[in-house]
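Welcome! Let us read a protein structure together, one feature at a time, with a learner asking and a teacher answering.

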Amino acid sequence: MAHADSHSDNYLNHGKGLWSWLTTTDHKRIGLMYFMAVAVFFLVGGAYAMLIRLELFSPDLSFFGSYDGYNRAFTMHGAIMVFMVIIPGIPAFLGNFFLPLQIGAKDVAFPKLNLLSWY
């Protein structure tokens with residue numbers, strides 16, 4: 001009777017170190033890298049949202065100092081949330097991680113191009 005190996009080789013521990021993650025062609029690892037990138041941009045966009053709320057706390061310009069600074073922060077918040085969170089979040093993260101598993105494929109069609117798209 002064979003016993004189960006507690007350190008089985010999967011997509012999380014296949015290779016050790018940062019280099020193995022940055023050069024991987026595994027769709028699940030690329031999906032997780034997309035998730036981490038989207039999460040970082042979500043935090044940056046959320047920080048802009050908090051700065052905007054902080055400015056709106058009082059009726060006068062107290063935080064940004066000018067209307068132009070407020071407009072820039074509002075524009076950066078919108079651009080980051082749309083183009084760096086919403087648009088890459090659904091097709092990149094969910095499409096890379098879950099879609100090949102749902103259709104029963106071992107990998108995506110062009111794994112090196114998939115990694116290049118993350119860069």
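Q: Which residues does Thr24 touch, not counting residues up to four places away in sequence?
A: A contact list tells you who sits beside whom in space once the neighbours along the chain are set aside. In this predicted model, Thr24 touches Arg29, Ile30, Met33 and Leu115. Thr24 itself is placed in the loop between α1 and α2.

Q: Is Thr24 buried or exposed?
A: Here we look at the relative accessible area, where buried means under 20%. Thr24 has 10%, so Thr24 is buried. The side chain of Thr24 also has a polar atom 3.1 Å from the backbone nitrogen of Asp26.

Q: Which residues does Leu115 touch, not counting residues up to four places away in sequence?
A: Reading a contact from its other end is a good habit. Leu115 touches Leu22, Thr23, Thr24, Ile30 and Met33, and the list for Thr24 includes Leu115 in turn.

Q: Which residues make up the largest nonpolar core?
A: First the general idea: in soluble globular proteins, nonpolar side chains tend to be buried together. In this model the largest nonpolar core has seven residues, namely Ile30, Met33, Tyr34, Ala92, Phe93, Phe97 and Leu115. Helices α2 and α3 each supply at least two residues of this core.

Q: How many helices and strands does the protein have?
A: Counting the elements gives you a map to hang details on. There are five helices and zero strands, and from the N terminus on the order reads α-α-α-α-α.

Q: How far does α2 reach from its first C-alpha to its last?
A: For a helix, you can set its end-to-end reach beside the span expected from its number of residues. Helix α2 has 29 residues and reaches 42 Å, close to the 42 Å expected at 1.5 Å a residue.

Q: Which helices do the buried residues of α2 pack against?
A: Start with the residues on the helix that are hidden, then ask what covers them. The buried residues of α2 include His27, Lys28, Arg29, Gly45 and Glu55. As a group, the buried residues of α2 pack against α1 (18-22), α3 (67-97), α4 (99-103) and α5 (111-118).

Q: Where does His27 lie, and which helix is it part of?
A: His27 lies in helix α2, which covers residues 27-55. At 1% relative accessibility, His27 counts as buried. Leaving aside neighbours within four places in sequence, His27 is in contact with Asn96, Phe97, Pro100, Leu101, Lys106, Asp107, Val108 and Asn114. With Asn96 there is a polar detail too: the backbone oxygen of Asn96 lies 2.8 Å from a polar atom of the His27 side chain.

Q: How many residues apart in sequence are Gly95 and Lys28?
A: Distance along the chain and distance in space are two separate readings. Gly95 and Lys28 are 67 residues apart in sequence, with their C-alpha atoms 9.8 Å apart in space. Gly95 is found in helix α3 and counts as partly exposed at 23% relative accessibility. Beyond neighbours within four places in sequence, Gly95 is in contact with Ile90 and Pro100.

Q: How many aromatic pairs does the structure hold?
A: For aromatic rings, look at the separation of the centres and the angle between the planes. The structure holds eight aromatic pairs. The rings of Tyr70 and Phe74 have centres 6.1 Å apart and planes at 35 degrees, so this pair is tilted. Both residues lie in helix α3, four residues apart, about one turn of the helix. Tyr70 counts as buried at 18% relative accessibility, whereas Phe74 is partly exposed at 48%. Trp118 and Tyr119 form an edge-to-face pair, 5.1 Å centre to centre with 70 degrees between the planes. Trp118 counts as partly exposed at 23%, while Tyr119 is exposed at 55%.

Q: Which residues form one aromatic cluster?
A: Rings can also gather in groups. Phe35, Phe93, Phe97 and Phe98 form one aromatic cluster.

Q: What share of the residues of the protein count as buried?
A: Totals let you step back from single residues. Of the 119 residues, 26% count as buried. The protein exposes about 8600 Å², and carbon and sulfur atoms supply 71% of that area.

Methods
Residues numbered from 1 in each chain as written. Predicted model: local features only at pLDDT ≥ 70, side-chain atom pairs only at ≥ 80, totals over all residues. Heavy atoms only, no water. Buried < 20%, exposed > 50% of the residue type's maximum accessible area, 1.4 Å probe, protein only. Polar contact = N/O pair within 3.5 Å; in protein donor to acceptor, adjacent residues only side chain to side chain. Contact = heavy atoms within 4.5 Å. Expected span 1.5 Å × (residues − 1). Core = buried A, V, L, I, M, F, W, Y, C linked by side-chain atoms within 4.5 Å. Areas by Shrake-Rupley, 256 points an atom, 1.4 Å probe, with all protein chains shown as cover. Phe/Tyr/Trp six-rings, centres within 6.5 Å; stacked < 30°, edge-to-face > 60°.
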